[in-house]
Structure formats: structure tokens, C-alpha cells
Amino acid sequence: MRNRFTFQPRLFCFWLAYFILARLLFLGYQADHLRGLAVGTVPRLLWYGLRLDASAAAYLCLLPFVVFLLGSLAGPRFPMEKLVRFPTAVAGVVVSFMVVSDLELYRAWGFRLDATPLQYLNTPSEMLASAGAAPWALLLALFVGLLLLAWLLYNKVVGSLPALPNGFGRGRAVLVSLLYLLLLIVPLRGGVQQIPVNQSDVYFSPQPFANHAALNVAWNVVNALAQQGATDNPYQYMPDTTARRLVQQLYQPATPDSATTLLRVPRPNVLFIILESFTSKLVGSLGGERGVTPTLDSLQSSSVLFTNIYAAGDRSQKGLVSLLSGYPNQPNTSIIKYPRKTEQLPQLNRSLQAAGYSSHYYYGGELAFANMKSYLVAGGYDRITERTDFRAKEQNSKWGAHDHILFRRVLADLRTQQQPFFVTAFTLSSHEPFDVPMPTRFKGSSEADQFRNSVYYTDHALGQFLRQARQQPWWNNTLIVLVADHGHALPGNSPNHDPAKFRIPLLFTGGALLPAARGRIVPELGSQTDVAATLLAQLHLPATSYTFSRNLLQPGTKPFAFYCFTDGFGLVTPANTFTYDNAARQVISKTDSVTNAQLRLGQAYQQTTFEDFLHR
């Protein structure tokens, strides 16, 4: 029955029904994931998701309920219905945009929409380029359809505001309105328990997708924004002293003079090339698909190939910090967003600068993207070349200058670069939307085939660069480091937590290598964070400030790789591997031989590294 005093509950029920429909839309869009769910999981995730749906609905009702209370106080001339409908309509548009954006972002990233996209807002063109492969027409149609459905649902469930019944005084109206406002506290905090509702309350399944689907996207975004300035460590698994002791055991010093020497000269030039999204799944010399990276594969006989390296995270800016500062990633944020913190990190360029190296950093896109420029400026590079430094006709990619243009610029500049030099070049063409200036190598319209083509193109551009570089006078005195910024879900659509998604190539090559080192295979298990200490050891420079980096060529160290993804981490050791969900506080996947001690070691590493991040 519709009357004045069921209006507020009807508004709450509207939002609750809207979020249930939004979840069904999410499940329909991610239909491929449904096939892997156990029988009966969908009803359960709908049931568990109601707590966050109710919490989000309560937050969205707060302002209208306050307006309703004020209108009850003000009397019949107060334009209550307009003032209730307006914020509800605005919220409907904003939340619908979140819901539809989340559909494609989850498919691409493997986690629900949170505060992550906000770090890209200052570079909208790059953000749009990154999303270039999205089905925009379909998403727009879904957005319009969802708004229309919300409007129909509102009119059906809520409708217009009835007049105050005859003989029902203002005081009683205020009392009822206040009562409903106070009752919102219960769904808002998820019940009457001591601790308010959080993500872990809706995590019910050992299958990550089921837990992700139970989340409310609007609640998740607001919660992520609220947590950005938090100073408490959410990954508190044990006493800090215990966690630090376990982590320190991983970095016990080995015999100083037992490390392998790879170089002919003590102070070679260093050309550090970071390859966008180069996953080991497409590198034949690492057991991946053959024919996609012929340049990298051909280098095996003349290089030092590290065959068991993992990215520390899943975003470019995270890989940058891990490679150049030897610093671990954080699950739900990145230290690169905080210039005050990154200024305190060691950087390879600073270490080499102190040894007399000149430097230059190259990128074909905008370095404002994800706040990378502030990090590089703190690193003290003598010169930085980015998108604005390339001519307009050279910016033929949606991101900026394609990789062959980038390598051409690097090659030209190195003729006059003061030696010894530390030059860093970051490619971009193998990033979404995978538009590359070359004939199609791998036929097919699938995203995986587009990705293969883009990786093949960058590998080809790299091969052309190396062939010309070998003719340059600086070649014989130069060490080239080739490494990926992160892996990729493609091909094969690896789950967000899957170790296969994080395995990447790492090669040392160039004229500065000892002849005896060429063709060497290093099977040592390691991480991006270990590249800094490994390189500095070869240059006979101290790496003591790189506290989370270890020399991969130093016998006696404990091999492991730790990586982060949204709300979780993975720990890889020679004997076993497991991945862990921080929100659900449960193992996602593991090999049979994983022990409780190893689980605690992973938790200790997560706790200790995030504590270090908080106190930087």
C-alpha cells in the first residue's frame, strides 16, 4: 500500500532491487566465469551479496531521508519530492556508470572497480587508449538500458510522494521520518555486530570469481576511496616482530666473493629496456609460444637468460618501481602515487649517478600517466624524453610514439650520450588497444591475436634496433638489460591470481658480456625486485639500500618470488606455489606440498612490506 509513510522504505527497496539487477547483469556479462562455478554458487553469491547491497542502498538513502525529515519539519510548501528525486537521479546515473564500467574492467583486470582508475584521470587520452579494445557500443547500450530500467523500477516501486494524511500532524510526521533515518544505521553498517560490514563478510567461496561477484561495485569504490589515506596495516597476520624475523631469513647475506661475474669491464654502459606486457607465455625460449618473439628467442645463444622470473605486480607503474627501486608492490595501491614516499626509495639511476654515470629516460607516451614522472624526476635522470618531445607525425599510436620511433630516437641520441651511461627505455606498443604499424602477422580478430601481433611488432622493432646498435662504437662497452614491466592474462585468459600471468622474461645481453657468459641459462627463481641488486653486483656497486632486492647470481640466497594482485598475493618457491586472498583470508590455489610454515611466510612478507610502505 502506497502512503506517505511507506515512501522511505520503498526508496530503500528500490536501491536494493537495483543492485540485485546490477549483479545479474554482471553475471551475464561474465558468463564465461559462470561455467567454472560449483552448482548452487549463484544463489549463494546473491544471498551473501545482499549485505553490501543493503549497505550501499542505505548510504544512497541518507540524503533523501534527511530531506524527507527537513520537509516534514518545514510543512507542505517545502518541495520535498523534487529534492528527493534529484539526488536519487544523480546517484542513479553515477552508479549506473560504475556498474557498466565495471563490466569491462573486470574482464580486463580481473578485479572489481575500485579507486584504481582515479590515478589515470590526469591523462584521459592515455586512459581512453588503454580501454580502446572495449566494446563501446555495447557498453553504451547497456548504460542507457540500465538507466531506463532504473527509471521504470523507481516509478514502479517508489512512485510519487503521497500527501500527508488528514489529521496527521507535523510532529508525528517528523517522528516517523526520524525513526526511518535512524533505522538506516543497521543496513548501513551491515547489522548490529561490533565491526561494520566489509568485503570479507561477503566472501564465502574458495572460487575468487564467486566472491568478486558478491561485492557491490558502488560500495567497493567508496570503500577504496576511504581506505586510501588509511594508516593501519590491513594485513596484520601476526606480531610485527615475528613477521620481520621470517622475512629477514629470506635475505640472509651469502658469501660476498662467490657471486658470478658476467662482464668484461667493471663500469659498462647500461641500456635498460622495459618491454610492455611481455609475458613468458609468448616467449619461445621460456617455453611459451614459438614465433611471436623471434628476436628474444634468437638472443638466447648470446645472452644470459633468466628463465624463472616473476613480475611483482600487474600494472606498468608498479613494475617500474619494482625494477628501478627493487621495491615490492602493494595489493590495492601503488607507492608511485605518493611522491613523498617515492622520494625516499633508492633508484638505480641515483646509484649509478654516484658512480659517474650520465642518464636518460625514454618513453613514447605521457609520463604523467599513473604519476610516473614524479617518480622519475625523484630518480634524478639528466634528461627525460616523453610524448611531447616527439613530432606530431611521429605520434602515430593512440598512446603516442610507436616503439620503432622510440628506438630510432634512442639510437640517434646514444651517439652523443656521455659514457658511461644509464639509459632506460620503456616501450608501449604492446599495450591495449594493440594498434601497431605493421601488416598482421597472426590472423584473427580475437584480442589474443591482436596482442600477439603487438608483441611481435615490438620484438621486431627491438631486433632492428639491436642490429644497428651492434655497429655503434659504444656497443662493446654496453650491457643491455631486457625485462618486462609485467605479464598478461592473454593468451589463455589466466585468472588474476595465476602465477602464469606473472612470469616474465629477463635477459642480459650486449657487447660488455664475457664470451664465457654468453648462452648461459640462469634457472634461479626470482622477482623483478631482484633485478636492481643483481645489476649493481655486476657493477661492483653497493645495494644495501635495496632491502627487498637480492642478487640472483649469488649462491646461497633463498630463491623465491612474491607478487601482488588486487586483494591478494602469490608466493612461488622452488618446491611449491600458492596464492592467497587477503580479503577472504583464505588460500585461492596451491600445490600439494605447501605447508602452514610457507603460508605464514607469505603472510609475513605481505605484512612486512606493506608496513614498510606505510612508514615511508
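Here are some notes on a few helices, salt bridges and surface residues in this predicted model.

1. Start with the surface. Ile20, Leu21, Leu24 and Leu149 make up a nonpolar patch there, and together they have about 290 Å² of accessible area. Helix α1 (residues 7–29) gives the largest share of that patch, 3 residues. Leucine 149, on the other hand, belongs to helix α6 (residues 136–157). With a relative accessible area of 39%, leucine 149 is partly exposed; the cut-off for a fully exposed residue is over 50%.

2. Next, have a look at α7. This helix runs over residues 170–183, so 14 residues in all, and spans 20 Å from its first C-alpha to its last, close to the 20 Å expected at 1.5 Å a residue. Its buried residues include Ala173, Val174, Ser177 and Leu181. Looking down the axis of α7, you'll find the buried residues within an arc of 95°, so they line one face of the helix. The general background is familiar: an α-helix has 3.6 residues a turn, so residues three or four places apart point the same way.

3. What covers that buried side? Among the elements covering the buried residues of α7 are α1, α3 (41–74) and α8 (185–188). The face of α7 turned away from the buried side carries Gly171 and Leu175, both exposed. Helix α1 therefore turns up twice in these notes: it supplies the largest share of the nonpolar patch, and it is part of what covers the buried residues of α7.

4. On to the charged pairs. There are 14 salt bridges in the structure. One of them joins arginine 23 to aspartate 53, with the closest N and O atoms 2.5 Å apart. This pair links distant parts of the chain, as arginine 23 sits in helix α1 and aspartate 53 in helix α3, 30 residues apart. Arginine 23 is buried, at a relative accessible area of 4%, and aspartate 53 is buried too, at 0%.

5. Glutamate 386 and lysine 373 form another salt bridge, and here the closest N and O atoms are 2.6 Å apart. Glutamate 386 is in the loop between β4 (383–385) and α17 (403–413), while lysine 373 is in helix α16 (residues 372–378), so the pair ties together parts that are 13 residues apart in sequence. How buried or exposed are the two partners? Glutamate 386 is buried, with a relative accessible area of 8%, whereas lysine 373 is partly exposed at 35%.

6. Aspartate 612 and arginine 616 also meet through their side chains in a salt bridge, at 2.9 Å from N to O. The two fall on either side of the burial cut-off, because buried means under 20% relative accessible area. Aspartate 612 has 23% relative accessibility and counts as partly exposed; arginine 616 has 16% and counts as buried.

7. There is also a salt-bridge network worth finding on screen: Glu104, Arg107 and Glu447 are linked in it.

8. Last, a residue to check by eye. Phenylalanine 97 is in helix α4 (residues 80–109), and it is exposed, with a relative accessible area of 54%. From the C-alpha of phenylalanine 97 to that of valine 144 the separation is 9.6 Å, and the two residues are 47 residues apart along the chain.

Key: Residues numbered from 1 in each chain as written. Predicted model: local features only at pLDDT ≥ 70, side-chain atom pairs only at ≥ 80, totals over all residues. Heavy atoms only, no water. Patch = residues over 30% accessible without salt bridge, like charges linked within 9 Å, V, L, I, M, F, W, Y side chains within 5 Å. Areas by Shrake-Rupley, 256 points an atom, 1.4 Å probe, with all protein chains shown as cover. Salt bridge = Lys/Arg side-chain N within 4 Å of Asp/Glu carboxyl O. Helix = DSSP H or I, 4+ residues; strand = E, 2+ residues; numbered from the N terminus. Buried < 20%, exposed > 50% of the residue type's maximum accessible area, 1.4 Å probe, protein only. Expected span 1.5 Å × (residues − 1). Arc of directions from axis to C-beta. Contact = heavy atoms within 4.5 Å.
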